[in-house]
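Reader: I would like to go through this structure and ask, label by label, what each label rests on. Please show it before we start.

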Amino acid sequence: MSILNKINSPEDVKKLKAEDLPLLAHEIREEIIDVTSQKGGHVSPNLGVVELSIALHRVFDTPKDKILFDVSHQCYTHKLLTGRNRDSFKNLRQSGGISGFCNIFESEHDAFGAGHAGTAVSAALGLAAARDREGGDENIVAVLGDAALTNGVTLEAFNNITSATKKMIVVLNDNKMSIAKNVGAIAKYLNDVITNPRNTRLYADMNAFLKKLPLGETVAELTKKAAVDAKGLIAPSPFMPSFFEYLGLMYLGPIDGHDIPLLERYLNYCKHATRPILLHIITQKGKGLEVAVRNPEKFHGATPYDIVTGESLSSGKSAPKYQDVMGKTLVKIAKEDKKVVGITAAMASGTGLSFLKKELPDQFFDVGIAEEHAAVFAAGLARKGFIPVTAIYSTFMQRAFDCAMHDICLQNLPAVFCMDRAGLSPNDGATHHGLFDIAYLRTLPRAVLMAPADEDELADMLYTAVYSGKPCFIRYPRGEGIGVKIKEKPETIAIGRASTLKNSDGKICIWAYGNMVEEAMKVSDMLESEHGIKAGVVNARFAKPLDTELLLKCADENKLIVTMEDHVLAGGFGSAVGEALLAAGRKNSLLTIGWPDEYIPHGTDVATLREQFGLSTKQIYDKIFSAAKGESFIRDIGKKSFSWVL
């Protein structure tokens, strides 16, 4: 019988014999590969931490002890060992299935939810400080990748550890990768630690020492017996103390992160430590799947794939992805203008900037997982006459909001932000949906907010933004476009000007923003074929500045104005339209269609989630037809509606 099938809780992991653990690790890897090859998911990060996750659950006692995973895109083994068995794991990241990240609402073993980088050390420190004040004795363990060390939140937390607690464990999982290969001084520092011959000798001494000790002995007793000083174990040169020692942490390592007995020995040492301690482990991202080892960046977050070849399984669509259209268009522009540069926060491939990196490396910057720095760095470049194009997912742009306000818009600097994954990132769920950017960016004076209806318009908007001389934010969805032909050379769009796609018969005019334009055209066609109503359709293009001239013209000619957006309704595009109508004294009926004031869960695909929240094409059609029969102002929030007179 399979060993994994016998695991229903961490207690079952503890009962296993040491000789059974390699087989358990093998079965877990097979399960992860089998499920992700069908459903997609974070393949490489999870394959790299199988042994670490097993060792953590053999040494610590969750849910009493708290294990926090930074980003938590490496928690699949943890889930399999904590009651989420194979049956539930097979529905990973699907509607009704378990999340691909840690989720406090899913299991008591998930000590802290995550989906963005840099939160684990701060959250763990908060838990440790709370434990100390309550007189508790639970262990607090933060597991983070080396890429998290480039994140400002992580560094802020490290700076505060010794002033907030006397006992906490950090496991630094070093695989030299974030999503792409790590960059910068910290990555070089860790490489120096790993490759220094002196450290290799000291590690061997420490390992031999730990092998002789009975588990459970106090650190005070261990220290007296130590053959080497703890500081000696961590210095990359005889003259320079460790970076971590400067911060007040005891450092151990680096050690092999795939050796379970070794991990258990070191984790037990950490468990009984009387001061904050960092264990540095070395792992291989993608271990156990050759195609993932060869291409860890592609398999960081993969769509369904062929296990042997590594090729992605066809989605059935032939249109280019929005991210690739952006990337290739930027290359065209940058070849003609050396002042145009691209910036990524460790996501060149996911944002499409890999094309610029390959063709024009001198005009490409990777700043690591540091969105705030990316934004202010862009501001500095813009101040010197360069035109920075920073590609950040909508959900991660939230981190850089203050920088957009304080450093870019306030100074009216011509920086461009391309926000991929605006709208839904269905399998990833609430932490990754890009449903809030219109609301928070619309508050910024001087900001230009735009969204393309198709991939050709995205190219035009990027070209427009680059030469606008203004702070510009372009949002567009994940995945393929709608299949329109892309012009050889992009064209400038007049800022703040919408485009009428279909004239109305005086009853309804639909103002659609971004990827909802296609849906608006479908709804308009349905209204005409089913009821003979010719609903006008306007491609809004801009949420700020809004084309109020055309909007008021439409208000004068139609009884009902409808807005459609792939964004929360609170503060979004529909709110902007409503504000403009109120300011102009118009009393039209207004129906706003978008996402409700709640966090949207993960789901199998966009269509499933839209159906779940009343936003399928048919459901939108029903709402508009129903609203057309009344004279009230209706604000629609998915399946929940209420009305009042404008």
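Reader: What makes you say that both faces of β11 are covered?
Author: In this predicted model, C472 and I474 lie on one side of β11 and F473 and R475 on the other, and all of them are buried. Buried means under 20% relative accessible area. In a regular strand the side chains alternate between the two faces of the sheet.

Reader: Which strands run parallel to β11?
Author: β9 is joined to β11 by four bridges, and the two run parallel. β10 is joined to β11 by three bridges, also parallel. Two strands count as paired with at least two bridges between them, so β9 and β10 both qualify as partners of β11. Among the residue pairs, M419 stands opposite R475, and L449 has F473 as its bridge partner.

Reader: What is the order of strands in the open sheet?
Author: The seven strands come in the order β7-β6-β8-β9-β11-β10-β15, with mixed pairing.

Reader: Why are β7 and β15 called edge strands?
Author: Each of them pairs on one side only. As for the twist, neighbouring strands of this sheet are turned by 20° against each other on average, ignoring direction.

Reader: What packs on this sheet?
Author: Helix α15 (residues 322–336) does, touching β6, β8 and β9; its direction makes about 150° with that of β6. Helix α22 (residues 455–466) packs on the sheet as well, touching β6, β8, β9, β10 and β11, and its direction makes about 170° with that of β11.

Reader: How do you know that the length of α18 agrees with its number of residues?
Author: Helix α18 has 13 residues, 371–383, which should span 18 Å at 1.5 Å a residue. Its end C-alpha atoms are 18 Å apart, so the two values agree.

Reader: Which residues of α18 are buried, and what puts them on the same side?
Author: The buried ones are E371, A374, A375, A378, A379, L381 and A382. They cover an arc of only 165° around the axis, so they lie on the same side of α18. What covers them includes β6, β7, β8, α19, α20 and β9.

Reader: How many disulfides are there, and why is C102 in none?
Author: The count is zero. The nearest cysteine sulfur to C102, that of C75, is 4.1 Å away. A disulfide needs the two sulfur atoms within 2.5 Å, so C102 and C75 do not form one.

Reader: Is C102 buried or exposed?
Author: Its relative accessibility is 5%. The cut-off for buried is under 20%, so C102 counts as buried. C270, at 1%, is buried too.

Reader: Which peptide bonds are cis, and where are their prolines?
Author: The bond from T62 to P63 is cis, with omega near 10°; P63 lies in the loop between α4 and β1. Another cis bond joins G253 and P254, with omega about 0°, and P254 is in strand β4.

Reader: What makes the phi of V71 worth a remark?
Author: Most residues other than glycine have a negative phi, and most peptide bonds are trans. Phi of V71 is positive, near 65°. V71 sits in the loop between β1 and α5, and its relative accessible area of 11% is under 20%, so V71 is buried. R541 also has a positive phi near 65°; R541 is in the loop between β14 and β15.

How values were computed: Residues are numbered from 1 along each chain as its sequence is written. This is a predicted model: local features need pLDDT of at least 70, side-chain atom pairs count only at pLDDT 80 or more; totals for chains, interfaces and linings use all residues. Side-chain values use heavy atoms; hydrogens and water are left out. Buried means under 20% relative accessible area, exposed over 50%, partly exposed in between (1.4 Å probe, protein chains only). The expected span of a helix is 1.5 Å times one less than its number of residues. The arc is that of the directions from the helix axis to the C-beta atoms. Contact means heavy atoms within 4.5 Å. Axes are lines fitted to C-alpha atoms, for helices over the stretch in contact, and angles run from 0 to 180 degrees between N-to-C directions.
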